[in-house]
Amino acid sequence: MQGQVLNSPDSKKEDRTGGMNCLVKESLEKDGLTLKSGVALPEVGSDEVRIRVKATAVCGTDKSIYHSSSSEGIRREMLRYAEDDNSYTPIIVGHEFCGIVDELGSGVGADRFSDVPENLRLAPGDYVTCEMHLSCGHCFQCRTGNEHICTRVKVKGVHLDGCFAEYVTVPYKNVILLGKAGDTSRIPTRIGALLDAFGNAVHTVYEADVRGKSVAILGAGPLGLMAAFLCRDFGAGRIYLTEAQDVERRFKLAEEFGADYCFDVSSGSTDFYKQVDKLEAMANGVDVVLEMSGSPSAYRDAFKIVRNGGTVLLLGITRKPLDGFDIANGVIWKGVTVKGIFGRKMFDTWETMLRLMHSEKLNIPSKLDRIIADKTYALTDYKQAFELLSAGDEMKLVFEP
Ligand SMILES: [Zn+2]
Ligand SMILES: [Zn+2]
């Protein structure tokens with residue numbers, strides 16, 4: 001894959017008469033997805049770009065969508081813009097991907113950007129990824145530099161058609177150029193498909209100044225592991241990591257990524273607390289906690305181990321509201337700063353990510369590659385892929401439609 005220049009968009013044109021394959025969520029009440037073929041290619045709106053998907057990654061949200069019958073949260077989210085609870089419109093799922101620009105809308109072609117240097121504007125054949133959170137551009141948050149928490153955000157693959165498909169359309173503004181003329185030499189497509197997820201980790205770590213600090217990362221899933229190497233690269237003093245699943249493999253990777261202490265928290269062991277008590281006695285806890293798991297017990301750990309005056313960043317999503325959370329002891333009397341992290345800052349996080357990806361010394365593409373399954377899957381093998389993820393046999397995997 002590395003160094004290869006991908007086909008020009010024209011080389012696939014003859015295949016299009018038969019439409020495309022895609023994975024559709026037909027009903028929120030039933031688990032699973034439906035593989036559809038012969039679906040018409042998405043039309044390109046005037047300010048949109050159509051992209052031929054080269055690789056697309058599966059994330060926790062997709063797993064929740066797959067198992068929608070047991071996740072009320074995701075059902076409600078997918079119905080957010082529906083007229084009522086009974087009027088769900090099936091959509092193509094998937095929101096993490098990279099691909100090749102196939103066609104530019106009439107309003108965003110070369111004539112519109114004639115004043116922009118050619119190497120900075122999009123053209124058919126370019127290698128790209130996308131921010132799939134589409135902000136409204138009008139609400140208070142959008143108008144005050146906080147598009148990532150737009151009150152009317154629509155997410156491709158959750159509210160609108162996504163990228164578990166051969167083609168997807170995205171507003172021009174949301175397209176991120178990774179390589180001109182299909183150049184994947186710096187960022188292989190397996191990794192290009194992961195940037196949305198990597199952006200969550202980058203956004204989280206950036207919100208805490210970890211330089212010289214003691215940091216606890218709760219959850220060693222893909223995002224926790226990404227946070228581990230980012231904290232190490234950004235100069236954290238001491239890195240703790242906890243996980244309850246598949247700990248052998250994850251801890252091995254985490255240690256290679258620079259975590260200092262890894263704790264299996266599956267069996268109610270108190271080793272983690274003891275170690276923090278011992279090493280962080282002076283400060284009475286860790287400076288920064290990054291909650292990346294969404295597990296209720298990790299939320300309790302977060303506010304137990306953070307020091308007075310410390311910071312807790314919350315990225316993991318709890319499946320339901322937390323019971324019995326002691327906000328007085330956990331937050332108020334400790335003077336803790338708490339911040340929720342959603343998505344990626346538009347587009348600060350993306351610009352940061354691109355710089356990080358292009359740093360040869362940090363070698364981030366090869367670290368990311370170690371987090372995903374070696375094998376890439378065809379869309380038609382989606383059942384097997386989701387089974388592996390559900391069973392915890394793989395943490396993260398990529399489809400090549
Ligand atoms: Zn995702
Ligand atoms: Zn908005």
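This briefing covers salt bridges, a zinc site, a small sheet and a surface patch in one structure. The model is predicted. A search of the whole structure finds 24 salt bridges, and a zinc ion (ligand 2) is held by four cysteines, Cys136, Cys139, Cys142 and Cys150. The points below take each topic in turn.

**Salt bridges between distant parts of the chain**

- Side chains of opposite charge can pair when their charged atoms come close.
- Glu103 and Arg50 form a salt bridge, and their closest N and O atoms are 2.8 Å apart.
- This pair links distant parts of the chain, since Glu103 sits in strand E5 (residues 96–104) and Arg50 in strand E3 (residues 48–57), 53 residues apart.
- Arg50 has a relative accessible area of 8%, so it counts as buried because the cut-off for buried is under 20%.
- Glu103, at 35% relative accessibility, is partly exposed because this value falls between the 20% limit for buried and the 50% limit for exposed.
- A salt bridge also joins Arg232 and Asp260, with 2.9 Å between the closest N and O atoms.
- Arg232 belongs to helix H6 (residues 222–233), while Asp260 is in the loop between helix H7 (247–257) and strand E13 (261–264), so the salt bridge ties together parts that are 28 residues apart in sequence.
- Both residues of this pair are partly exposed: Arg232 has a relative accessible area of 26%, and Asp260 has 35% relative accessibility.

**A salt-bridge network**

- Arg250 pairs with Glu243 in a salt bridge whose closest N and O atoms are 3.5 Å apart.
- Arg250 and Glu243 are both buried.
- The two residues are part of a network of salt bridges that links Glu243, Asp246, Arg249, Arg250 and Glu394.

**The zinc site**

- The zinc ion (ligand 2) is coordinated by the SG atoms of Cys136, Cys139, Cys142 and Cys150, at 2.3 to 2.4 Å.
- Along the sequence, the spacing of these donor residues is C-x2-C-x2-C-x7-C.
- The 4 donor atoms subtend angles of 103 to 118° around the zinc ion (ligand 2), so the arrangement is tetrahedral.
- The tetrahedral label applies because all angles lie between 85 and 135 degrees.
- For four tetrahedral donors, the ideal angle at a metal is 109.5 degrees.
- Among the donor residues, Cys139 is buried with a relative accessible area of 6%, and Cys142 is buried at 12% relative accessibility.

**A sheet of 3 strands**

- Strands E2, E1 and E4 form an open sheet in the order E2-E1-E4, with antiparallel pairing.
- Strand E2 (34–39) and strand E4 (91–92) are the edge strands, and each pairs on one side only.
- Strand E1 (residues 20–25) pairs with E2 in the antiparallel sense over 4 bridges.
- One bridge partner in E2 is Val39, which is paired with Met20.

**A nonpolar surface patch**

- Phe325, Ile327, Ile332 and Trp333 make up a nonpolar patch on the surface, and together they have about 460 Å² of accessible area.
- One of these residues, Ile332, lies in helix H10 (residues 327–332).
- Ile332 has a relative accessible area of 54%, so it counts as exposed because the cut-off for exposed is over 50%.

Terms used
Residues are numbered from 1 along each chain as its sequence is written. Chains are lettered from A and ligands numbered from 1 in the order in which they are written. This is a predicted model: local features need pLDDT of at least 70, side-chain atom pairs count only at pLDDT 80 or more; totals for chains, interfaces and linings use all residues. Side-chain values use heavy atoms; hydrogens and water are left out. A salt bridge is a side-chain nitrogen of Lys or Arg within 4 Å of a carboxyl oxygen of Asp or Glu. Helices (H or I, at least four residues) and strands (E, at least two) are DSSP runs, numbered from the N terminus. Buried means under 20% relative accessible area, exposed over 50%, partly exposed in between (1.4 Å probe, protein chains only). Donors are N, O and S atoms within 2.8 Å of the metal (3.2 Å for Na, K and Ca); water is not among the atoms, so sites may look incomplete. Four donors count as tetrahedral if all angles lie between 85 and 135 degrees; four count as square planar and six as octahedral if opposite donors are over 155 degrees apart and all others between 65 and 115; anything else is irregular. Two strands pair if DSSP finds at least two bridges between them. Patches are made of residues with over 30% relative accessible area and no salt bridge: like charges are joined within 9 Å, nonpolar side chains (Val, Leu, Ile, Met, Phe, Trp, Tyr) within 5 Å. Accessible areas come from the Shrake-Rupley method with a 1.4 Å probe; for residues, only the protein chains shown count as cover.
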